[in-house]
Amino acid sequence: MAIVLGPNQYGKAETRVVRIYRDTQRHEIRDLNVSTALRGDFAAAHLTGDQAKVLPTDSQKNTCFAFAKSAGVGEIEDYALALARHFVDDIASVSRARVDVDEHRWERVTVAGAEHPHTFVRAGHEMRSASVTIDSERAVNATWVIAGIRDLVLLKSTGSEFGGFLKDSYTTLAPTTDRVLATSLTVRWRYAGTQVAWGNAFGQVRQILLERFASVHSLALQQTLWEMGSAVLAARDDVAEIRLSAPNKHHFLADLTPFGLDNPGEVFHAADRPYGLIQCAAQRDDAPAAGPAWDQDF
């Protein structure tokens with residue numbers, strides 16, 4: 001029996017890059033969280049401590065800052081593509097690069113009815129994301145782009161049921177034909193190629209998700225997620241697959257009978273845990289292979 005080195009990677013996690021454009025008196029801000037992960041010819045670093053082929057993680061951090069200035073940020077997918085191509089093309093020991101970018105949203109502060117040119121307020125917790133993987137050892141389909149949205153908090157106060165479920169000796173949950181449906185949605189979708197108008201595509205996908213969540217009379221959160229995902233694929237031929245993850249933010253009807261009060265679905269206790277976690281994927285049966293696009297662990 002021999003002990004051999006298995007898959008390995010390294011990188012710089014969560015580099016906070018804030019890019020402010022000062023070309024005019026009306027400033028623009030881009031607020032990013034960037035993570036890089038490299039794979040390649042790094043066996044010697046593990047086996048003998050030889051760092052000759054290891055690009056320091058500090059250098060990867062500096063590259064994120066430098067590209068934010070030299071190339072600009074633009075769409076986060078383009079920024080991630082530029083970084084990943086640099087690591088694969090310009091660093092000889094690197095054969096695969098993955099770049100993950102999350103973007104925090106800022107909105108302008110309004111003063112006397114007008115948008116202030118250089119003052120901003122954070123726009124909630126919702127974040128746009130992009131993940132790019134480039135593999136130089138693959139001759140075909142060597143680039144994969146995943147876009148997404150995280151912490152998209154949604155709630156509908158009616159139009160949701162849950163009944164007809166399996167019961168066992170431990171089941172106490174009562175079926176309901178009218179409940180609050182709320183979630184903090186994480187959605188990620190893989191594009192079939194890289195010739196995409198990223199910003200327009202993101203905006204359309206986000207709007208489809210919102211509209212389907214609102215309009216589908218939900219018999220289960222599983223059904224709602226399927227309807228949302230399949231609607232995105234129906235609308236956009238350039239999306240190969242989409243994955244949705246939705247914690248069920250339970251709202252339990254408060255018992256007001258001890259106080260002599262009726263509660264016809266008006267006052268709720270919002271519980272943060274435990275929660276149901278519902279996950280669903282929709283994909284085209286002829287979609288190009290995902291390769292390592294979804295690989296986050298080695």
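**Figure 1. Helix H4 lies across four strands of the sheet.** Helix H4 covers residues 198-215. The strands beneath this title are S4 (114-135), S5 (143-156), S6 (181-191) and S7. H4 runs at about 35° to S5. The model shown here and in the following views is predicted.

**Figure 2. The protein chain in overview.** The secondary structure comes to 5 helices and 10 strands. The C-alpha trace spans about 75 × 70 × 40 Å along its principal axes. The chain has 298 residues, and 41% of them count as buried. Take the contacts between residues at least 6 apart in sequence: 67% of these join residues at least 24 apart.

**Figure 3. An open, antiparallel sheet of 8 strands.** The strand order is S1-S2-S3-S4-S5-S6-S7-S10. Strand S1 (15-21) and strand S10 (276-283) are the edge strands, and each pairs on one side only. From one strand to the next, the twist averages 20°. Helix H2 packs on this sheet, where it touches S1 and strand S2 (28-40). The direction of H2 makes about 15° with that of S1.

**Figure 4. The S1-S2 hairpin.** S1 and S2 form a hairpin, with 6 residues between the two strands. Their pairing is antiparallel and runs over 7 bridges. Ile-20 stands opposite Ile-29 of S2. S2 is mostly covered, with 10 of its 13 residues buried.

**Figure 5. Strand S2 against strand S3.** S3 spans residues 94-111 and runs antiparallel to S2. The two strands are joined by 10 bridges. Val-34 has Val-101 in S3 as its bridge partner.

**Figure 6. Strand S7 meets the edge strand S10.** S7 takes in residues 239-248. It is joined to S10 by 8 bridges, and the two strands run antiparallel. Glu-241 stands opposite Gln-283 in S10. S10 pairs on one side only.

**Figure 7. Helix H2 packs against helix H3.** H3 covers residues 76-90. The angle between the packed helices is about 130°, and their axes lie 11 Å apart. H2 is therefore oblique to H3. The crossing is right-handed. H2 contributes Gln-60, Thr-63, Cys-64, Phe-67 and Ala-68 to the contact. From H3 come Tyr-79, Ala-82, Leu-83, His-86 and Phe-87.

**Figure 8. The surroundings of Gln-60.** Gln-60 is found in helix H2, which covers residues 57-70. Its relative accessibility is 0%, so Gln-60 counts as buried. The side chain of Gln-60 makes a polar contact of 2.6 Å with the side chain of Thr-36. Neighbours within four places in sequence are left aside in what follows. Gln-60 is then in contact with Tyr-10, Gly-11, Lys-12, Thr-36, Leu-38, Leu-55 and Phe-87. Thr-36 thus appears both in the contact list and in the polar pair. Phe-87 is one of the H3 residues that make the contact between H2 and H3, and Gln-60 is one of those from H2.

Terms used
Residues are numbered from 1 along each chain as its sequence is written. This is a predicted model: local features need pLDDT of at least 70, side-chain atom pairs count only at pLDDT 80 or more; totals for chains, interfaces and linings use all residues. Side-chain values use heavy atoms; hydrogens and water are left out. Buried means under 20% relative accessible area, exposed over 50%, partly exposed in between (1.4 Å probe, protein chains only). A polar contact is a pair of N or O atoms within 3.5 Å; within protein, one must be able to donate a hydrogen and the other to accept it, and residues adjacent in sequence count only if both atoms are side-chain atoms. Contact means heavy atoms within 4.5 Å. Two strands pair if DSSP finds at least two bridges between them. Axes are lines fitted to C-alpha atoms, for helices over the stretch in contact, and angles run from 0 to 180 degrees between N-to-C directions. Angles under 35 degrees count as roughly parallel, over 145 as roughly antiparallel, 65 to 115 as roughly perpendicular and the rest as oblique. A crossing is left-handed if the near helix is turned anticlockwise from the far one by less than a right angle, and right-handed if clockwise.
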